[in-house]
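Student: Please show me the model, and then we can go through it by question and answer.

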Amino acid sequence: TITRREDYREPDWRVPEIALDFDLDPAATRVRATLQVERNGVHDRPLVLDGDALVPVSVLVDGVEATGWSMDGPNLVIPLTGSAHRIDTEVVIAPERNTQLQGLYASQGMLCTQCEAEGFRRITFFPDRPDVLSRYKVRMTADKARFPVLLANGDPIAQGEGADGRHWAEWHDPFPKPSYLFALVAGDLVANRGSFTTLSGRTVELGIWVRSPDLAKTDHALHALKLSMAWDEQVYGREYDLDVFNIVAVDDFNFGAMENKGLNVFNSRYILADPDTATDYDYDAIAAVVAHEYFHNWSGNRVTCRDWFQLSLKEGFTVFRDQSFSADQGSAAVKRIEDVRGLRASQFPEDSGPLAHPVRPDEYIEISNFYTATIYNKGAEVIRMIHTILGPDKFRAGTDLYFQRFDGTAATCEDFVASMEEASGADLSQFRRWYTQAGTPRVSATLTQEGGRARLSLRQSVPPTPGQPVKEPMVLPLKIKLFGSFTGRAMCDEQLMLFKDDAAEMVFENLSETPVLSINRGFSAPIIVETNRTAADLAFLSAHDDDPFARYEAMQQLMLDTLVASVASGSADHQPVIDAVRNTLTDGALDPAFIAEAVLLPSDSFIGDQMAVVDPEAIFRARESLRRDLGMALNAEWRAAYDAVRANRFEYSPTGKGARRIKTVALGYIAASGAADAAALAYAQFEGADNMTDRQGALTTLASGTSPLREQAIEAFYQRYAGNGLVLDKWFQTQALSSRDDTAQRVEALAQHRDFTLANPNRARALIGAFAVNQRAFHDISGRGYRFVADQLIALDRLNPQTAAKLIPPLGRWKRFDAARAARMRAELERIVATPGLSKDMFEQATKSLD
Ligand code: ARG
Ligand code: ZN
């Protein structure tokens, strides 16, 4: 069944108070719920409580055993006569058999919950929708030896001993919240404790809870939490509001983390770090996710969503907030490059494929399928554009108004935009199309010159997407600047142009030299820009633009143009790229982390995204050929860059990170050159590394090569980290991403490895998810990659539909491939759709992908 945004109706019944009593046991947990319900408005509809696989043991109305109730499918229907009643229900659930990891489940001996979006109904009967806000009281009783720590939302109120070795604890959350923010955790856990004093002088006790062997890996997360709390006060004026803030790390988790009020639950990969097991990328991701979940306390919890169509209200805004936080902690330029690369790798393909949807969707079958790059990352770009259009001060006035007006309520995207308009005086009416129209806008920008005058002609179009054949023009904030091609000097200040029509023109007068166009600087709009710039123009900008993002972008475009030409005609002139890379690599004024980003070639799949029909082998060959030429032509430069940082000891600092980044990039080019000593160099880095960034970087380089040292490194890595699940994920992933021609066979074998399991989502994603985005291996013309992934997804769907359905999109890209591949991909999707007992998660993703 399809849920539609336009069908929204206020809830029939409100539930201002709920008391929950859990008798916790992995095999059989008894859940007693007491709801104070109030009729909302004048109607005679019964109380309908959502349930999912629950069987009522008892139902009481106002303390009396009820008889009139019935089941409507999974839901409990209770006819009521008055305007307010007390409802008591009791159910028994089995967390240890919950392989979906939604609701209450067991992970590594602990019990924990995940309720967003609709998991609370797997715990107890309740109106499980985000606009029903309740005050929660929670009591938990459990075996004290197995579950010495009992945590829930809010503040701890009381605890005590029970009979038979059991104990109990009570927690109260004073802030009304929707059911998706409910959480409890029971387990044998230890905490890394800290405290934070808020702006107004309130002391908050912080705890990062893990199993005791992991305690030493929690300092980075705790530090990031304190930085996040301070940042939200300084930048948004948002203070924390409870006496405690707890984070729990769990190994089995469907996504990154969850912002439950006062009790965030995290995938352990976004908490645990030490130099030997976590890469710099992991450290950064931990800080970003800790910040993200913390920031949800205001953008998500204090102001929540009216319905799930408004999901980007909290997610897009919160991603924008966490991106801004990360930018403030280190290099803003490198952070922007990383975020844009991520957007292009995940959101652009989504926006041009069968699963394209607006930032505020109109309908869904399964809401879990809408936790997408469009809702999160394009949603963040939409907020960023508002920030760009309004400027920081008016934007802040807008968020202040939004938080003040909607605190304690369930709001809409429209409420947010209206607050922005009211506080700033801006008119965002046409801008709202960013919420309703799917598809990545395309702009063509042509700069022509006649004497001292230049004319910039712009045209925009938004491509058709499923259900939206015709599009209206969007508001595109374009940051533009011109540089003199002779002197390299800026010829004007940066202009912010709001491009709102199908076409527009901008004229520049009194030019004394030939201008070069710098456009969409900082990636001011999340669009695709085509320009009439030559290879020489792009090389020039890659050396002279004063916006680091624009410099990076010019280099990427130059590389992309070269690679696309090479795929089309079998070869291309590599010299302009070689010269531009040399220029950047040897520019002593540049941040090494920036250099490392700028000199990386676009990925196979991003090259494929530029082409009408993706030819994975031709793309791979063109990219390898350019890599080899870069490696050989700049051999001395790569070696110099490598040797300059080779002996560095590990230090977690921007300088240390930059050095490690350039180190492995240089190693990769040395290997690409075919140098005889490359594998030995990589192996020496692998063995001698005092940190995971260097070790995994070397392993990645070896894994795509043919040296016998490859197998040696893979085996040594496995032995060294046996028993460390998060590092074994890297081991599986690195092999699944290998560009070797036997990767498909090897991945099939790895799926039989004793450490492989579909029951752990991180492990499933590390092998299956990584393989499915390895363009060359997955799209092997034999079709074995497609068959393998489909087999795995069918098996995974029986355990964990949410995680399985997230891995469908690579198969759904069939339209972008040749007829032979497309037919094989479709055949696998059809096989999935025909599977008996398929989840609605998979059904929605696979059927939409076939259309
Ligand atoms: N709200 C969480 C976060 O972004 C993610 C929840 C994902 N839920 C889902 N059903 N996919 O921080
Ligand atoms: Zn979020």
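Student: Which residues does the UniProt annotation "domain: Peptidase M1 membrane alanine aminopeptidase" cover?
Tutor: The model is a predicted one. The annotation comes from an unreviewed UniProt entry. In that record, the domain covers residues 221-434.

Student: How far apart are the end C-alpha atoms of residues 221-434?
Tutor: The span is 55% helix and 10% strand. Its end C-alpha atoms are separated by 34 Å.

Student: Which residues does the annotation "domain: Peptidase M1 alanyl aminopeptidase C-terminal" cover, and what is the helix percentage there?
Tutor: This annotation, also from an unreviewed UniProt entry, covers residues 536-850. The end C-alpha atoms of that stretch lie 43 Å apart. Strand accounts for 0% of the stretch, and helix for 70%.

Student: What distance does helix α18 reach from its first C-alpha to its last?
Tutor: Helix α18 runs over residues 692-703, which is 12 residues. At 1.5 Å a residue, the expected reach is 16 Å. The model is close to that, at 16 Å.

Student: Is α18 largely enclosed by the rest of the structure or largely open, and how many of its residues are buried?
Tutor: A residue counts as buried if 20 or more other C-beta atoms lie within 10 Å of its own. The buried residues of α18 include M692, R695 and A703. The helix is largely enclosed because the buried count is 12 of the 12 residues.

Student: Which elements are included in what covers the buried residues of α18?
Tutor: One of them is α2 (280-295). The cover also includes α16 (654-672), α17 (678-688), α19 (709-721) and α20 (725-736).

Student: Is P213 buried or exposed?
Tutor: P213 sits in the loop between β18 (203-210) and α1 (219-236). A residue is exposed if 12 or fewer other C-beta atoms lie within 10 Å of its own. P213 has 10 such neighbours, so it counts as exposed.

Student: How far apart in space are P213 and V185?
Tutor: In sequence, P213 and V185 are 28 residues apart. From C-alpha to C-alpha, the distance is 18 Å.

Student: Which are the edge strands of the open sheet β29-β26-β25-β31?
Tutor: The sheet has 4 strands in that order, with mixed pairing. An edge strand pairs on one side only, and the strands that do so are β29 (503-508) and β31 (528-531).

Student: What is the bridge partner of A445 in β31?
Tutor: Strand β25 (residues 442-450) pairs with β31 in the parallel sense over 4 bridges. In β31, the partner of A445 is T531.

Terms used: Residues numbered from 1 in each chain as written. Chains lettered and ligands numbered in written order. Predicted model: local features only at pLDDT ≥ 70, side-chain atom pairs only at ≥ 80, totals over all residues. UniProt positions renumbered as here; feature names shortened; annotations may be inferred. Helix = DSSP H or I, 4+ residues; strand = E, 2+ residues; numbered from the N terminus. Expected span 1.5 Å × (residues − 1). Contact = placed C-beta atoms within 7 Å. Pairing = 2+ DSSP bridges.
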